[in-house]
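Open your viewer and get ready to click along. We will hop from one selection to the next and say what is there at each stop.

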Amino acid sequence: MSCHDLRRNYGKLVAVNGVSFDIRPAETYGLLGPNGAGKTTVISIIAGVLQADAGQVTVAGRPITPRAIGAKAAIGYVPQELALYPDLTGRENLRFFAKLYGLRSSETKRRVDEVLGIIGLSERAGQLVSTYSGGMKRRLNIAAGLLHRPNLLILDEPTVGVDPQSRNAILGNIETLAREGMAVLYTTHYMEEAQRLCDRVGVLDEGKLIAEGTVRELTAMVGEQDRVRLTVAAEPQELARRLNASDLGHSAAVDGNEITLLVKDAPTALPAILDLAGQTVRSVIVEEPDLEAVFLHLTGKSLRD
Amino acid sequence: MKELTIAATSLRRTLRERSSIFFLVLFPMLMILVLGVAFGGSFSPRVGVVTPHTPLAERLADSLHAAPGIAVVAVAEGSTAIASVEHGDLEAAVILPADLNTPLRYVVRPGIQGQQISSIVTAVLDREEARLRAAAFVAAENGLSLPEAQSRVDAIAPQFPPAPVDVTYAGPEPARHGRFDAMASSELLLFMFLVAMTNSVALIESRRLGVMRRMLATPTSTGTIIRGEGLARLSVSLLQAVIIMVGSALLFQVRWGDPVAAALLVAAFAVVASGFGLLLGTIARTSEVAIGAGLLLSLGMAALGGAMMPLDLFSSTMRKVAHLTPHAWAADGFSELARHNAGIADIATELAVLWTAGFAVFGVAAWLLRRRLARQAA
Ligand SMILES: Nc1ncnc2c1ncn2[C@@H]1O[C@H](COP(=O)(O)OP(=O)(O)OP(=O)(O)O)[C@@H](O)[C@H]1O
Ligand SMILES: [Mg+2]
């Protein structure tokens, strides 16, 4: 997916103001921004349900506009609202969308069953959606976008109003799909989700993409570094001194038998640190600097208003 | 055929609602039964009587009223009465004379029943004639004035009741040509339209739930979605038609006439009705508005178009106004088909008008919906 200089106004309100980014095959890209940042507007343009005032989108090499019917087959769109018929069963809803995505009858049945399995709704598939819990409806909402094995799966805040257990299941599903090679465009205003799922993140504020990169790159921008916390069995002072003396990290501080130090790139440096510490380490906690801090740094605002 | 998927899904949602069975099946049948019994179920044939304002005419009218075996309906004008007989809303019409020098006009549909009514009417006239003769005789013999003589005659009349006649019917009962026919075609039009209008709620729900938007995200063109939604309204309306036509034919022996012509007429009316349904589903913002407006429009157009009261009872101006509605054209078509053994050629005008109107309304609705979907995407 590639989009270039997307713009969109609602009357006088500038909702999207020159947004450009790319998503590579099998990449999970997160669009992070507070309420009203323009995430849904950007995503709707990319999904071909909203006409942009300016700019281009291509998915799998084909331009996307509301009129580009054929090209939409490459996209699976999961809208922010629960776009399902409550008076139909889960299976009937999926069958309906499968047909609209152009699946053949035999294929439809197979894919509907497969997708129900993926999201874990096989047992409830024959019941009316109106009887589902909020989390189940969310999962079905996602399922409807997966039926035709899209190249690009677009998810607009798929975990809003979902209990932690369902949310975890949903995030797990998305991780699996991404691992199997599906490109994912994911919007959220939960930075934990972006951190967990996304290979790269674009930070959107007031219709503009104000920063983009991997979570590491973004947090590095802020200049923060990973905090590594080591719990050791013996001689924390001695170990802290040796760590500070090495070029692995700095600012090591001791609190009881816990050592906290700042490390530029913890995943890379950790083996060497453990090597240095030897047998005394009981536990290691790496705390990455978070996107919350990045957003705060870039806009002076909190992600959650 | 994604159109079929869209239409079938919509139909499935409609039929899943329990109330649908009531509204699609029980309610129309009940209406036909109730109205048929109320207005036409009695075995007395309806005879229209036009009464000039003279003592003679009024006395004759009273006698006809009192006569057994017929139901007298007062009609203001002779031409209206004759037209009603022609259309089968009245079995016969009697245009009473103002005085004894004017002939009485008697209009009747050909057939056994016409002869029966004829004999009832003749009997009434014979009695009246006998009374007048007797009075004239009494007046001449006793030197009384005619009114005085008449009251003497009337006073002794109860002593001479009509000779008793015992009638026994033998053989099979003849096919009941009936009021049910007229009721059934009225109800058919009313309900076909009503169901297409109220079913527009399904379209509004699709929009409100965001399903419509999601459909636009699939490789499905706006045109396909519109055709699918139109087909959905059409199929509900046609389903309603089949239920009423088959149900009334089985339950009340209603005759719909030439099947091909009737099917074409029903299909044309269904296209008009579903066009209006699509229009309502496009314009109305909420389901509540759609249901309210749908009911109001359906009942209003049905009443205006003669689907509640026979067009023959309308004044000629109102009959012209009525033909602004598709109901009036379809009603004309059905009365041709049911009562005169007409075929397609005989209802060509009605068919042409309805099909043209159907395509026009459908076209406008599709254009508006397309605009609305584009604006949603715009
Ligand atoms: N149909 C519309 N008409 C007018 N304004 C709109 C419309 N849709 C969105 N907006 C406005 O455009 C801006 C961006 O909205 P958008 O829905 O894209 O934000 P978002 O980032 O998805 O927010 P959220 O996290 O709340 O979903 C908001 O100020 C919103 O009020
Ligand atoms: Mg949004």
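Colour chain A and chain B differently and look at where they meet: about 2,600 Å² of area is buried between the two chains, and carbon and sulfur atoms give 60% of that. Keep in mind as you go that this is a predicted model. Now select Val49(A), Tyr85(A) and Leu100(A), the residues of chain A that lose the most area to chain B; together they make up 25% of what that side buries.

Next, show the residues in contact. You should find 36 from chain A and 23 from chain B.

Stay at this interface and pick Glu92(A) and Arg12(B). They form a salt bridge, with the closest N and O atoms 3.3 Å apart. Across the interface of chain A and chain B there are four salt bridges, and 13 residue pairs are in polar contact. Which elements of chain A give two or more residues to the side that touches chain B? They are H1, E6 and H2. Highlight H2(A) among them, as this helix gives the largest share, six residues. By class, that side of chain A has 21 nonpolar, eight polar and seven charged residues.

Now select the magnesium ion, ligand 2. Thr40(A) coordinates the ion through OG1 and Gln80(A) through OE1, at 1.8 to 2.2 Å. Thr40(A) sits in helix H1 and Gln80(A) in the loop between strand E6 and helix H2, so the pair ties together parts of chain A that are 40 residues apart in sequence. Both count as partly exposed, Thr40(A) at 27% relative accessibility and Gln80(A) at 28%.

Time for salt bridges within chain A. Zoom in on helix H3, where Asp113(A) and Lys109(A) lie four residues apart, about one turn of the helix. Their closest N and O atoms are 3.1 Å apart, in a salt bridge. Is Lys109(A) buried or exposed? Lys109(A) is exposed, with a relative accessible area of 55%, while Asp113(A) is partly exposed at 30%.

For a longer reach along the chain, select Glu193(A) and Arg167(A), whose side chains meet in a salt bridge at 3.2 Å, N to O. This pair links distant parts of the chain, helix H6 and helix H5, 26 residues apart. Glu193(A) is buried, at 1% relative accessible area.

Last stop: select Arg24(A), Glu27(A), Arg200(A) and Glu212(A), which salt bridges with shared partners join into one network. Within this group, Arg24(A) and Glu27(A) meet at 3.3 Å, N to O. Arg24(A) is partly exposed at 49%, whereas Glu27(A) is buried at 6%.

Terms used. Residues numbered from 1 in each chain as written. Chains lettered and ligands numbered in written order. Predicted model: local features only at pLDDT ≥ 70, side-chain atom pairs only at ≥ 80, totals over all residues. Heavy atoms only, no water. Donors = N, O, S within 2.8 Å, 3.2 Å for Na, K, Ca; no water. Buried < 20%, exposed > 50% of the residue type's maximum accessible area, 1.4 Å probe, protein only. Contact = heavy atoms within 4.5 Å. Buried area = accessible area lost by both parts, 1.4 Å probe. Polar contact = N/O pair within 3.5 Å; in protein donor to acceptor, adjacent residues only side chain to side chain. Nonpolar A, V, L, I, M, F, W, Y, C, P; charged D, E, K, R; others polar.
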